[in-house]
Every structure is written in structure tokens, then in C-alpha cells.
Amino acid sequence: MAPPRSKKVRPSFRRLLKTSDVKLENKLKNRQMKQQNVAKKQRKEQKKLRQAVKDAVMRTPRPLETYKKRPEEEEDEEEFLETLPTDMIEDEDLQQMTAMARQASFITRDLSSCGPVHSEKKRSSEVVHSYEKVPRKMVRTEEKEIIHLLPIKDKTGVIPQTVERVIKHQEQEEEKASEEQEEPENEGEPESVVELTAEQMEQLRAQKINQKKLLIANMASAVISDPFSNIKRLKELRGMLMESDPCVAVTVRKLVMVSLMEIFKDIAPTYRIRPLTAEEKGVKVKKETQRLREFEEGLVSQYKFYLEDLEQTIKDWKQQKKKRSQVVSLQSYQSLAHVSVRCLCELLLALPHFNFHNNIVVVLVPLMNDPAKQVSDMCCDAFRKLFQEDKLGGASLATVRVVSGLVKSLNYNIRPEVLRTLLSLRIQEVQMKKDVEATAPKKKFMNNKEKKSLSRMKRKWKKAEEKLEKELLEVEASESKENKIKLHTETLNIVFLIYFRILKKAQGSVLLPAVLEGLANFAHLINLEFFDDLLNVLQNLIQSGDRTNRESLHCIQTVFTILSGQGDVLNIDPLTFYSQLYWMLPRLHAGAPNDDIIILLRCLDTLLIRRRKQVTLQRAMAFVKRLSTLSLHVLPNASVGLLAANRATMHSFPKCDFLLDNEVQGSGFYLPELDEPEHCNAQNTALWELHTLQRHYHPVVRQFAAHLSRGAPSEGSAALGMELSRRSPVELFGDYNVKDMTFNPPVAPPRTKKKDRFTHGATLLDAELQRRVNDALNLTEETQLDFTATQTPSQH
């Protein structure tokens with residue numbers, strides 16, 4: 001019977017070949033790993049050798065550890081001691097050199113450690129703790145000092161070499177060492193700087209500053225003239241931000257900061273530089289393209305490091321830290337931080353499209369709330385300009401997001417100026433909720449006729465054409481209108497989120513005036529779903545009586561701006577807000593801030609002109625009468641604005657000319673103290689204030705008063721000129737502003753009466769009278785004058 005067949009399957013040739021390849025690959029890897037380990041060990045040994053030689057030269061000799069000797073080592077030691085010149089060596093030095101000679105490989109190890117070479121072979125009981133290996137400092141003798149040189153080796157072993165140093169040389173070495181330690185502190189100064197006078201030191205400082213200026217100018221001009229070739233000069237310029245000369249360090253750092261800022265503003269491209277992918281880096285390109293890539297990569301990296309330096313300077317100033325440099329005092333860090341903030345503000349405005357713009361925004365937004373007024377005003381002004389110049393809306397959206405996070409993180413304890421900067425946002429049109437459905441893209445389906453009319457190839461061609469149009473739209477630099485409106489909508493939502501949070505949680509804070517001002521500015525863009533809640537909140541704020549005139553005016557302006565825009569579809573009669581404004585008018589006299597009048601003029605334009613169809617004649621006449629009374633108690637520019645508002649009201653309500661007649665138009669009499677415009681019987685009074693205003697010292701006030709007293713005609717001799725009739729009350733208020741405490745327009749000086757002067761000297765105009773005067777003066781004393789003889793009958 002045949003033996004049983006083995007069940008083990010013999011591997012095929014391909015499998016054996018594959019297995020051998022794996023083995024060969026593993027062997028190759030193992031060989032490479034061994035070579036790497038050997039090279040690593042060699043590098044460690046070389047490093048230890050260099051460190052040992054360096055320590056032997058630089059450090060003072062320190063004792064190594066002593067351990068028990070074997071019997072055969074004691075005999076070798078006696079022979080070794082006999083060969084040494086013991087007459088010139090002390091006992092301590094002899095003991096130290098003996099221990100060094102015992103270790104044959106002491107050069108290859110660190111002399112700062114005193115353990116044996118083969119410490120791994122020690123028993124566990126002989127292991128010395130690490131803190132025991134730290135060498136102790138020997139007490140140096142004042143008489144002499146032994147310097148250890150490199151040892152020599154012979155048959156007996158290693159023989160150390162020493163040299164004795166004289167004491168006087170030691171003192172000189174100490175002096176030199178002290179001078180070398182003082183050199184870093186006084187680097188760049190001559191040896192006789194202590195002996196210089198104050199004037200000479202100032203001259204030396206000016207000379208150094210001029211040298212640094214020339215160096216900075218040369219580097220900057222080289223970079224600007226050829227950025228592609230000299231981009232590495234930016235690194236040299238950044239190195240000057242660490243200037244260590246104490247007498248010019250602050251000035252040089254400021255100059256370098258400003259110079260780098262101007263350089264980046266000049267050489268930065270008009271697009272954002274994106275990092276290259278791994279695939280793009282592996283593709284071979286032309287020399288010009290490779291040169292452009294290297295330039296962009298170097299520019300972005302240097303720009304990033306520069307921004308980090310500016311940010312670090314600001315952090316050091318805020319944290320009162322003195323880092324890396326002993327040459328710049330903490331007081332000087334304040335001026336350096338101000339220059340850093342200024343540079344960041346300039347880059348924020350000049351390069352809104354370039355890389356790291358959002359990083360600059362994150363750094364500068366918290367500084368808007370800084371206690372230092374100079375820093376805060378600088379940052380607020382920069383963001384106002386950014387909002388005004390931002391045409392696309394991306395930078396504004398990023399800034400508003402950071403401001404929202406700042407307000408929430410600080411629990412609304414911020415300066416009102418931070419929120420007032422949001423008033424500069426250029427938001428004119430947003431995507432309302434009702435417009436979203438109408439403007440949403442709808443999917444188009446081809447009907448049967450279109451399917452039959454177009455062939456399969458044409459349908460493919462049309463689809464490819466639409467795809468190409470989308471790609472072209474993405475390539476274009478200009479943003480579409482839809483994208484712009486989308487950004488503005490998102491920005492405004494965040495702004496209203498900030499305002500509504502403060503109205504809900506911090507009504508008693510100092511931020512409420514800024515919030516009300518912002519709501520009045522953007523009220524025409526609020527969605528309808530917020531109207532009811534917002535009107536209730538504003539009404540409660542006004543009726544509480546705790547608000548100032550300016551805050552109440554902002555509440556009223558917000559309400560009527562809402563009702564004049566999208567709120568016109570709501571059936572609401574805001575009689576309460578009319579009565580509140582009518583009650584506030586006498587309080588806006590010249591003793592109150594004059595800037596409140598401009599808010600009043602905006603409210604009147606919304607209340608009486610835009611909503612004239614919802615306003616009764618009694619209400620309009622009551623406002624005209626009280627505004628005329630108020631114009632007697634305010635500054636000239638406010639009087640001009642109020643009279644211009646009265647003129648617009650009389651044009652909107654022609655029957656207001658009843659106030660120019662003395663006759664009573666109805667029953668009852670006028671009640672000036674009543675704060676209800678509907679029931680004060682304003683039709684039974686007259687605008688007698690206009691006669692008083694016609695004697696006002698301001699010429700424009702007199703002109704408006706005379707114009708209104710004649711019924712505010714648009715034509716004729718009583719009509720206003722084109723420069724006054726075409727300007728709104730708000731514009732007239734600004735044109736004739738007297739904030740500089742000067743007359744506007746200036747008062748003409750009084751005319752002087754010209755006296756008649758004789759042009760003939762002492763000669764009289766009448767020749768006959770002059771002859772008689774001369775004759776009388778030439779007569780002698782004896783001659784008697786007879787005046788009656790010369791008289792004629794006509795003279796009697």
C-alpha cells in the first residue's frame with residue numbers, strides 16, 4: 001500500500017518568487033536600519049567628544065568621583081606616581097590627575113559627569129543617583145591656579161599635562177572676562193563712551209541714527225526696485241526689529257516698522273496668494289512661473305512674520321513684559337505699540353484683499369475697546385474707513401462677526417464708540433424674507449416641444465455652454481449683485497443681533513444710545529416679523545421717562561422710519577409718538593445740546609412730510625406753531641433748519657396759511673401748554689414769532705421769516721433763492737453751523753462815512769473869497785476895515 005499523500009500544498013514558483021522578493025526587501029530594510037543606528041551612535045560619540053573637549057577648555061577643573069581600587073590597580077598606581085613630577089603638583093591635583101589617568105576613555109565622555117565609562121555594567125547597588133553626579137565647586141586658592149592641557153598617552157597609560165598660571169595674569173584675565181560680559185550690554189559703543197559728555201553722546205546717537213536710516217533706505221529701495229530678486233532683503237529688514245543698541249533701539253525699530261509697512265503696500269499683488277498643493281509642486285513649470293511662485297511664497301512668509309512681530313509688540317505692551325531685550329524699557333514699549341497699531345491700521349485699509357486680512361481684524365477689534373484713547377480712536381477711525389470703502393462686503397462681514405463676539409465675551413462692558421463704528425456700514429439693500437422665495441432659483445424643465453426641437457447633440461452642447469458660463473462668472477474678479485446682497489444681508493443680521501441682545505439684557509447700560517442710533521439708521525431694513533416686539537420695546541423706553549432727549553428722539557425716529565418703509569402695510573396710528581415728540585419740542589432749547597436738532601429735523605421729515613396722508617391738518621398746524629416758538633430759543637443754524645421744516649410743512653399742507661391770519665378759524669382758543677397736538681386749537685392763533693424773527697441778527701433767519709410771513713411763495717419777489725430753496729433742513733443746519741463760535745455767514749463791518757477833503761491844500765474853493773482873505777491878512781494894523789461897504793443888498 002502506498003504511503004499517505006502529504007496534505008501540504010507545495011507553493012508555486014510565482015509564490016516562491018514573491019516570497020523571495022519580500023525577504024530581500026526585508027533584508028534591505030534591516031541593513032538600512034542597522035546602518036542608520038551605527039551612524040546615529042557615531043554622531044552621538046562625536047557630539048560627546050566635542051562637548052568634552054569644549055568643557056575641558058572652557059570649564060574650570062572639577063573633581064571626578066572616587067571609587068574602590070582593585071589590587072592590581074594599586075600596584076600600577078604606585079608605578080605611575082613614581083613617574084610623575086610630584087615636586088610641582090599638590091596633593092589634590094595629584095589625586096585628580098590619578099583618577100583621570102585611570103579612565104582611558106575620558107576624552108570621549110562629558111567631563112561634567114563623574115560616573116565611570118561603562119556604567120551600564122554596574123550592579124544595581126552601585127548605581128548613583130543623578131543629583132549625586134553633579135560636580136561640587138572647589139574652593140579656588142588665591143596663590144596659584146593649575147590649567148589642564150590635553151593629555152598624552154604612552155605604554156603606561158594616559159598622562160595629563162598641566163600648566164601653572166601666575167596670580168597677576170589671573171587678575172588680568174578676570175578684568176578681560178568682566179569686559180567681555182559688559183560688551184553685549186554696550187554693543188556698538190566705543191570704549192570711551194563713559195567719558196563722553198552729554199552733547200557728544202547726542203551727536204554720536206544722531207550719527208548712528210543717520211547710518212541706520214541710510215541702511216534701511218538702501219534695503220527698502222532695493223526691494224521696491226526689483227521685488228523678485230531682492231525679496232530676501234525683507235528678512236534682513238525684519239532682523240533690524242531686534243536692534244540691541246540701547247541708544248537707538250526704539251527709533252530704529254519704529255523706522256523699520258513703518259518702512260516694512262510701506263514696502264508691503266507697494267509690492268503686494270492685487271489678489272490673494274493661495275498655497276500650492278503637493279501635485280502643483282511636483283509639476284515642472286517654466287522659469288518665469290517658478291520665479292513668480294518663489295516670490296509669492298517668500299512674500300507671504302515675510303508678511304506673516306512681520307504681522308506676528310507687530311502683534312507680539314502689542315502683547316508685550318499690554319502684558320507689561322520685557323522679553324528678549326534689556327535695551328528697550330517698558331515705557332518705550334508704549335510708543336512702539338502705538339506705531340505697531342498704526343501700521344496694522346494702514347495695512348487693514350490698504351490690503352483688504354490680501355492674505356491674513358482677517359487676522360489683522362482679529363487683532364485690532366479688541367483694541368477698539370482699549371483704555372488708551374489714542375489707540376481706541378485710531379482703531380475706530382480705521383474701521384469706519386474700512387466700512388465706507390468696502391464695496392463688496394466681505395471685510396465688513398468679517399469685522400462685524402468679531403465685534404459681535406467681543407460684545408458677547410465682555411458681557412456688554414464695552415465703549416459706545418465700538419458700536420457707533422457700525423453706523424458707517426454701506427448697507428443700502430438687503431434680501432428681505434418675502435423676496436427670498438421670489439428670487440430663489442427654480443428648476444426649469446423642458447417640455448415635449450423643446451425636446452423634439454433640440455437634438456441630443458444640441459442638448460449636450462447647451463448643457464456644456466451653461467457650465468462654461470458659470471465657470472467664467474467665477475473667474476471674473478467682480479462680484480455679482482446677488483452675492484453682494486447676500487453678504488449685506490448676513491452682515492445686517494449680525495448687527496441686529498447685537499442690538500436686540502443689548503435691548504433685551506442691558507437696557508441700563510451706556511450702550512443704549514448707540515443701539516437706538518443704530519436702529520434709527522438701519523430701521524428701513526428690519527424684517528416685518530420684528531415690528532410688533534420692537535415697537536412695544538421702544539414705546540416702553542419712551543414712557544419710562546428715564547431716557548434723555550437724544551435717546552427719546554432716536555426711539556421716535558426708529559418707529560417712524562419703520563412705519564414709513566415696510567411698515568406702511570400695518571394699520572397702526574402712532575398717535576402716542578406724535579404726542580411724545582410734540583411734548584419734547586420746548587425742551588430742545590439753546591440750553592440743550594444743539595446736535596439734537598438734527599435728529600428732530602429727520603423725525604419731522606418722516607412724521608409730517610412722508611406720512612402727510614396719515615396726518616390731520618390740526619396736527620400739522622400745531623407742529624408749525626410750536627416749531628416757530630422753538631425757533632426763538634435756539635441757535636441761528638437751528639432756527640434756519642426749523643423754519644425750513646415749517647416751509648416744507650406749509651407746502652405739504654396749504655391750509656396752514658390760516659396761521660398767517662389774525663381771525664379766529666373755529667371755536668375755542670389756543671392752549672399752548674397742552675401737549676396734545678390734536679386738541680390744542682392751533683387754528684385759533686397766529687405766527688407772531690415771524691415778526692420777531694424778521695429782526696434777528698442772522699441774515700438767513702431774517703430771510704426765512706420774511707418768506708414765511710408772506711405765505712412761503714415759490715415765485716415772485718418774496719420767493720427764496722435757489723441756494724436756499726433746494727436744500728433740505730438737515731443740509732441748511734450743517735451749512736450754517738456755529739460750532740467754531742463764529743458768525744456764519746460773517747457779519748459785515750459797519751460802513752464808515754467818508755469826510756470831504758480839500759485837494760488844494762490851504763486854498764479855498766471860491767476864488768473871490770480867497771482873494772479877500774489874502775487882502776485882509778496882508779493889511780497893516782493902521783488900516784481900518786469897513787465891512788459895510790462891501791455888502792450888497794442881496795446879502796441883507
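## Overall picture

A residue counts as buried when its relative accessible area is under 20%. In this predicted model, 35% of the 796 residues of the protein chain count as buried. The accessible surface of the chain comes to about 53200 Å². Carbon and sulfur atoms hold 52% of that surface.

The protein chain has 31 helices and two strands. Take the contacts in the chain with a separation of 6 or more: 70% of them join residues 24 or more positions apart.

## Arg626, a buried arginine

Arg626 sits in helix H25, which spans residues 617-630. Its relative accessible area is 7%, so Arg626 is buried; the cut-off is under 20%.

What does Arg626 touch beyond its neighbours within four places in sequence? One group of partners is Tyr582, Trp583, Leu585 and Pro586. The others are Pro672, Glu673, Leu674 and Asp675. Tyr582 also figures in a polar pairing: its backbone oxygen lies 2.7 Å from a polar atom of the Arg626 side chain.

## Tyr271 and a nonpolar surface patch

Tyr271 lies in a loop. Helix H8 (249-267) is on one side of that loop in sequence, and helix H9 (278-282) is on the other. Is Tyr271 buried, partly exposed or exposed? Its relative accessibility is 38%, so Tyr271 counts as partly exposed. That class runs between the 20% and 50% limits.

Tyr271 also belongs to a nonpolar surface patch. Phe228 and Leu292 make up the rest of the patch. Its area is about 250 Å².

Conventions: Residues are numbered from 1 along each chain as its sequence is written. This is a predicted model: local features need pLDDT of at least 70, side-chain atom pairs count only at pLDDT 80 or more; totals for chains, interfaces and linings use all residues. Side-chain values use heavy atoms; hydrogens and water are left out. Patches are made of residues with over 30% relative accessible area and no salt bridge: like charges are joined within 9 Å, nonpolar side chains (Val, Leu, Ile, Met, Phe, Trp, Tyr) within 5 Å. Accessible areas come from the Shrake-Rupley method with a 1.4 Å probe; for residues, only the protein chains shown count as cover. A salt bridge is a side-chain nitrogen of Lys or Arg within 4 Å of a carboxyl oxygen of Asp or Glu. Helices (H or I, at least four residues) and strands (E, at least two) are DSSP runs, numbered from the N terminus. Buried means under 20% relative accessible area, exposed over 50%, partly exposed in between (1.4 Å probe, protein chains only). Contact means heavy atoms within 4.5 Å. A polar contact is a pair of N or O atoms within 3.5 Å; within protein, one must be able to donate a hydrogen and the other to accept it, and residues adjacent in sequence count only if both atoms are side-chain atoms.
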